[in-house]
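Q: Please take a close look at the salt bridges in this structure. Go through the pairs one by one, say where each partner sits and how exposed it is, and then carry on to the ligand sites.

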Amino acid sequence: MKNLSALHRDLTALDGKPYGAYRDLAGTPYDLGDGVVFTLDRAQVDPYAPPSLAHLSVPLALPEYRERGQKVAAADFFTRAFDAAVSGDRDLSIGRIGQQVLERTTAEVREDHLLVRFTVALPAAGRRIKGRLASTILTQRLPEAARRLRGVDRAALDRHVALHQDQEWLRARLPELGLVAFVGEGSILPRRAGDSDEPLRGAVPFASPESLRREVTLPSGRTLAGMGVPEGVTVIVGGGYHGKSTLLRALERGVYPHVEGDGREWVVTRPDAVSVRAEDGRAVSGADISAFINNLPSGEDTTAFSTTNASGSTSQAANLVEAIEAGADALLIDEDTSATNFMIRDERMRALISADREPITPFVDTVRSLYRDAGVSTILVAGGSGAFFSVADHVIALDAYRVSDVTERAHGLGGEAPDAAARFRRGTPRVPAGLSAPGKRKPVAAKGRTLIRYGKATIDLGPAEQLVDQAQTTGIAHAIDLLERRLGSGESLRAAVEQVTELIDAQGLSALSPHRGHPGLYARPRAHEIMAAVNRYRGLEVS
Ligand code: ADP
Ligand code: MG
């Protein structure tokens, strides 16, 4: 194997040569010292292309971490350590790492070593190689980052892994506790700003009402107290600006583990909780929205409803049934992002417009059946209407960010009982006729967090609020490449996405990548968001 001085020589020898000569380096392992091995996997073709892909192999055995979850958490710790070591370095990068602990391709805990994947922008003057500068990056700055990886604080690593294990344990226990979500005492829910996922300083810490307070003993031995949100229908009420959406948003994010100091470490939601909102303008392909929409004046069939431009109510109905098709067991709904006519219809409107002239069965009529007949719970923010009181198992109120249980008072107010005849039935899983994009020449690619480029088409994932990291969007893009090959032979979309999940579980996240060798930097998306992307593809045809 070549060593550090050979790397220096090879790079300085490239100085002044045409940029493409960087490729000569690719595939050769270099020992940077202490057994740390650097390999340039794929050199960028020109200075303006996306940066080159490389990895480090760091001798480091962590036999104490045997379970998958422990390895994911340890890998996350080293990803953050590398990120901190190269912060401020414009050339070395491991991507932008947020507050959630996600499975990523950036680091892998292997038997006797740690694998760290990153990008390096190989320097140029015009289109000529700057070999000496490249040598500074790769023979000085990179070994320094590797030293920081080897010298990480082991106690901090253990804490990071233990916290993750505790959170994942609680998330997995929620069903047997009869809970949809848990919010620990003292949690900090609000974020610093609309564009920052950091905790708001000086925020009012979360405190549970006595009636919903639960205590759990975590695997680490720690006892945790907080509010348990029970299965069934829970309505969050309160005046405007009192923190309702902030609570719901924290619950949305609670499907992911969070790092220490985030404030949402103990906001833990079932992994299959899905937020459902209105999204007018989206495309819908063959969704059975008949539990909510029927007898359209156009005469269209709503058991297999397709449109290129959904309205507020039809888009929310489609989002809801697609979430359940994808396996959601809890729905998170905020009035701020809902279509009012999908949610409720008041008495006077029921009197004025007879039921047979109104295609929409509002959600308030169906929400109980959704739980009773399909086992799907709902957590709903409703500050503007008491229509849901009579169908709620629990009503919690926010007053100046403080939660109280107002179920009895809300039930005492009486009010119309919803239409008991409304029923929710699970539809049959849709079977796509295939998945392809005309004019597609390159693998599917993500553009930021919210956009996927698929052939000449784009898929807008802006409204998918539980997609938290653009690295996950890249993961979805790769998943679509895989799904292309699976779909079209009679398999349902859900079954095909389950196969993607199984592939990752069996072979690791890098198995998603269309590239051999360095898979690129991306994170694991939930199956829900993979399905959300396919569902929004305007070229999707369902047989
Ligand atoms: P609502 O949905 O009830 O109208 P929001 O959840 O949008 O209210 O919150 C309104 C504002 O209050 C936001 O700016 C949010 O950051 C802030 N906020 C929410 N919870 C807290 C808290 N616990 N402490 C301090 N500020 C908070
Ligand atoms: Mg709100």
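A: D329 and R270 are both buried, which means that each has under 20% relative accessible area in this predicted model. The two residues form a salt bridge, with 3.2 Å between their closest N and O atoms. This pair joins distant parts of the chain, 59 residues apart. D329 sits in the loop between α6 (312–325) and β20, while R270 sits in the loop between β16 (267–269) and β17 (273–275). As general background, side chains of opposite charge can pair when their charged atoms come close.

A second salt bridge, between D365 and R350, also has its closest N and O atoms 3.2 Å apart. D365 belongs to helix α9 (residues 363–374) and R350 to helix α8, so this contact ties together parts of the chain that are 15 residues apart in sequence. The partners fall into two accessibility classes: D365 counts as buried at 6% relative accessibility, and R350 counts as partly exposed at 30%. Elsewhere, R191, D197, R253, D262 and R264 are joined into one network by salt bridges that share partners.

The pair E168 and R171 is a local case. Its closest N and O atoms are 2.3 Å apart, and the contact is a salt bridge. E168 and R171 are three residues apart in helix α4 (residues 154–177), so about one helical turn separates them. R171 is buried, at 4% relative accessibility, whereas E168 is partly exposed, at 32%. In total, the count comes to 35 salt bridges.

Helix α8, which holds R350, spans residues 347–352 and also contains L352. L352 is exposed, with a relative accessible area of 67%. Together with M349 and I353, L352 makes a nonpolar surface patch of about 290 Å².

Next, the ligand sites. The magnesium ion, ligand 2, is coordinated by OG of S245 and OD of D336, at 2.1 to 2.2 Å. S245 is in helix α5 (residues 244–253) and D336 is in the loop between β20 (330–334) and α7 (340–343), so the two donors tie together parts that are 91 residues apart in sequence. With the protein chains alone counted as cover, S245 is partly exposed at 27% relative accessibility, and D336 is exposed at 56%. Water is not among the atoms, so a metal site may look incomplete.

S245 also belongs to the surroundings of ligand 1: 13 residues surround that ligand, and the closest are V204, Y241, K244, S245 and T246. Several contacts to ligand 1 use the protein backbone. A backbone N or O atom of Y241 is 2.6 Å from an oxygen atom of ligand 1. For H242, the distance from a backbone N or O atom to an oxygen atom of the ligand is 3.2 Å. V204 places a backbone N or O atom 2.9 Å from a nitrogen atom of ligand 1. On its own, ligand 1 has 570 Å² of accessible area, and the protein covers 78% of that area.

Note on methods:
Residues are numbered from 1 along each chain as its sequence is written. Chains are lettered from A and ligands numbered from 1 in the order in which they are written. This is a predicted model: local features need pLDDT of at least 70, side-chain atom pairs count only at pLDDT 80 or more; totals for chains, interfaces and linings use all residues. Side-chain values use heavy atoms; hydrogens and water are left out. Patches are made of residues with over 30% relative accessible area and no salt bridge: like charges are joined within 9 Å, nonpolar side chains (Val, Leu, Ile, Met, Phe, Trp, Tyr) within 5 Å. Accessible areas come from the Shrake-Rupley method with a 1.4 Å probe; for residues, only the protein chains shown count as cover. A salt bridge is a side-chain nitrogen of Lys or Arg within 4 Å of a carboxyl oxygen of Asp or Glu. Helices (H or I, at least four residues) and strands (E, at least two) are DSSP runs, numbered from the N terminus. Buried means under 20% relative accessible area, exposed over 50%, partly exposed in between (1.4 Å probe, protein chains only). Donors are N, O and S atoms within 2.8 Å of the metal (3.2 Å for Na, K and Ca); water is not among the atoms, so sites may look incomplete. A residue is near a molecule or strand if one of its heavy atoms lies within 4 Å of it. A polar contact is a pair of N or O atoms within 3.5 Å; within protein, one must be able to donate a hydrogen and the other to accept it, and residues adjacent in sequence count only if both atoms are side-chain atoms.
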